[in-house]
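Colleague: I'm new to reading protein models, and I keep tripping over the vocabulary. Could you show me the one you're working on and let me ask how you know what you know?

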Amino acid sequence: KISWTPLLVLGYLFYLLLGAMVFQLLEKQAETHFRDQFQLEKLKFLQNYTCLDRQALEQFVQVLMEAWEKGVNPEGNSTNPSNWDFSNSFFFAGTVVTTIGYGNLSPSTVAGQIFCVFYALFGVPLNLAFLNQLGKGLNAHLLTLERWVQKPGRAQVQLAIFLTTGTLLFLVFPPLVFSYVEGWSYGEGFYFTFITLSTIGFGDYVVGTNPNKHYIPVYRSLTAIWIVFGLAWLALVFNVGADLMERYLQLKWHKSDLSLAEGATTKLEDEPEQPRIHIPS
């Protein structure tokens with residue numbers, strides 16, 4: 001029996017290479033355009049304000065970048081809400097234990113960094129245990145529905161209802177809320193929703209960070225709660241998809257093994273039987 005693992009490894013590497021080529025094709029030209037545009041804007045700024053030199057401008061840009069890395073939005077003024085009030089801190093704690101890690105906010109003090117390490121060390125396994133238990137509850141709910149229906153052929157219908165309901169609650173309706181509150185387009189809201197629930201967390205879109213908008217205090221806390229339950233649902237969907245893909249690959253690989261074995265058996269049957277030499281004892 002030949003292992004199908006090499007096929008999975010090759011497919012995984014091919015998928016990564018394909019993604020790298022497509023992302024490079026789609027994004028590299030836009031990046032070059034934005035970089036050239038930024039350099040042009042700096043030249044225009046120096047021409048309009050002749051009292052500044054290039055070195056002073058570069059130092060100010062560095063200050064802006066450091067402020068952004070520390071979680072301070074350069075837009076607005078000092079009246080912007082704190083990134084470390086309770087609601088935002090609760091949201092940040094959720095991004096730590098769920099391993100989303102947007103990257104737009106991080107501890108800047110040594111004590112905060114050390115605490116973050118130990119907090120994640122115990123919080124990530126706790127979060128995985130919680131999501132696992134929540135996933136078991138969802139599975140038990142599906143089994144209860146299956147027993148309640150008690151008719152053959154309804155398992156696919158139940159799975160479709162489960163996927164449709166979860167898609168509406170966690171992927172379709174939330175972007176409408178985020179689009180209304182944040183001023184994003186629906187496509188941007190959907191992009192943020194999926195990138196968040198899949199724990200990819202690029203950090204290019206984060207809720208509650210626009211200094212020109214007034215958010216209710218519990219907005220980010222409610223978003224963190226939505227993330228937790230959305231993670232459990234999407235993790236279950238990913239597990240089902242991974243299981244189906246694994247079974248499909250195993251089935252295809254085993255079929256090829258069986259065909260090779262049948263071909264070898266047929267070949268042996270077609271060959272004439274060779275005379276046997278009898279050696280007397």
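Colleague: Why is T99 called partly exposed?

Modeller: Keep in mind that this is a predicted model. T99 has a relative accessible area of 45%. Buried means under 20% and exposed means over 50%, so T99, at 45%, is partly exposed. You'll find T99 in the loop between α3 and α4.

Colleague: What makes the phi of T99 worth a comment?

Modeller: T99 has a positive phi of about 60°, although T99 is not a glycine. Most residues other than glycine have a negative phi. T199 has a positive phi of about 60° too, and T199 isn't a glycine either.

Colleague: Where is T199, and why is T199 called partly exposed?

Modeller: T199 sits in the loop between α6 and α7. Its relative accessible area is 29%, and partly exposed covers the range between the 20% and 50% cut-offs, so T199 gets that label.

Colleague: Let's step back. How many helices and strands does the protein have?

Modeller: Seven helices and zero strands. Going along the sequence, the pattern reads α-α-α-α-α-α-α. Of the 281 residues, 24% count as buried.

Colleague: Which residue would show me what buried looks like?

Modeller: Try T196, in helix α6, which covers residues 186-197. T196 has a relative accessible area of 0%, and the cut-off for buried is under 20%, so T196 is buried.

Colleague: What does T196 touch, leaving aside its neighbours within four places in sequence?

Modeller: I100, Y102, I227 and L231. Besides those, a polar atom of the T196 side chain lies 2.8 Å from the backbone oxygen of F192. The limit for a polar contact is 3.5 Å, and 2.8 Å is within that limit.

Colleague: What about helix α3: why do A93 and T95 count as buried?

Modeller: A93 lies in helix α3, residues 86-97, and its relative accessibility is 18%. T95 is found in helix α3 as well, at 6% relative accessibility. Under 20% means buried, so A93 and T95 get that label. Not counting neighbours within four places in sequence, T95 is in contact with I100, G101 and Y102. As for A93, its C-alpha atom is 9.0 Å from that of A224, 131 residues apart along the chain.

Colleague: How many cavities of 30 Å³ or more turn up, and which residues line the largest cavity?

Modeller: The search of the whole structure finds one. The largest cavity holds about 30 Å³ of space, and its lining is F91, G94, T95, T98, A224, I227 and V228. The elements giving two or more residues to that lining are α3 and α7. The lining residues divide into four nonpolar, three polar and no charged.

Colleague: What makes W184 and Y205 an edge-to-face aromatic pair?

Modeller: Their rings are 5.3 Å apart, centre to centre, with 80° between the planes. Rings pair if their centres lie within 6.5 Å, and planes over 60 degrees apart count as edge-to-face, so W184 and Y205 pass on both counts. The pair links distant parts of the chain: W184 is in the loop between α5 and α6, and Y205 is in the loop between α6 and α7, 21 residues apart.

Colleague: Why do W184 and Y205 get their accessibility labels?

Modeller: W184 is at 14% relative accessibility and Y205 has a relative accessible area of 23%. The cut-off for buried is under 20%, so W184 is buried and Y205 is partly exposed. W184 and Y205 also belong to an aromatic cluster that includes F91, Y102 and F192.

Colleague: One more: how do you know that P107 is buried?

Modeller: P107 has 18% relative accessibility, and buried means under 20%, so P107 counts as buried. P107 is placed in the loop between α3 and α4. Leaving out residues up to four places away in sequence, P107 touches W84, F92, G112, Q113 and C116. P107 and F92 are 15 residues apart in sequence, and 10.0 Å apart in space from C-alpha to C-alpha.

Notes. Residues numbered from 1 in each chain as written. Predicted model: local features only at pLDDT ≥ 70, side-chain atom pairs only at ≥ 80, totals over all residues. Heavy atoms only, no water. Helix = DSSP H or I, 4+ residues; strand = E, 2+ residues; numbered from the N terminus. Buried < 20%, exposed > 50% of the residue type's maximum accessible area, 1.4 Å probe, protein only. Polar contact = N/O pair within 3.5 Å; in protein donor to acceptor, adjacent residues only side chain to side chain. Contact = heavy atoms within 4.5 Å. 1 Å grid on protein atoms, 1.4 Å probe; cavity = no way out; pocket = protein on both sides within 12 Å on 5 of 7 lines; lining within 4 Å. Points joined across faces, edges and corners; volume = space filled by probe spheres on them. Nonpolar A, V, L, I, M, F, W, Y, C, P; charged D, E, K, R; others polar. Phe/Tyr/Trp six-rings, centres within 6.5 Å; stacked < 30°, edge-to-face > 60°.
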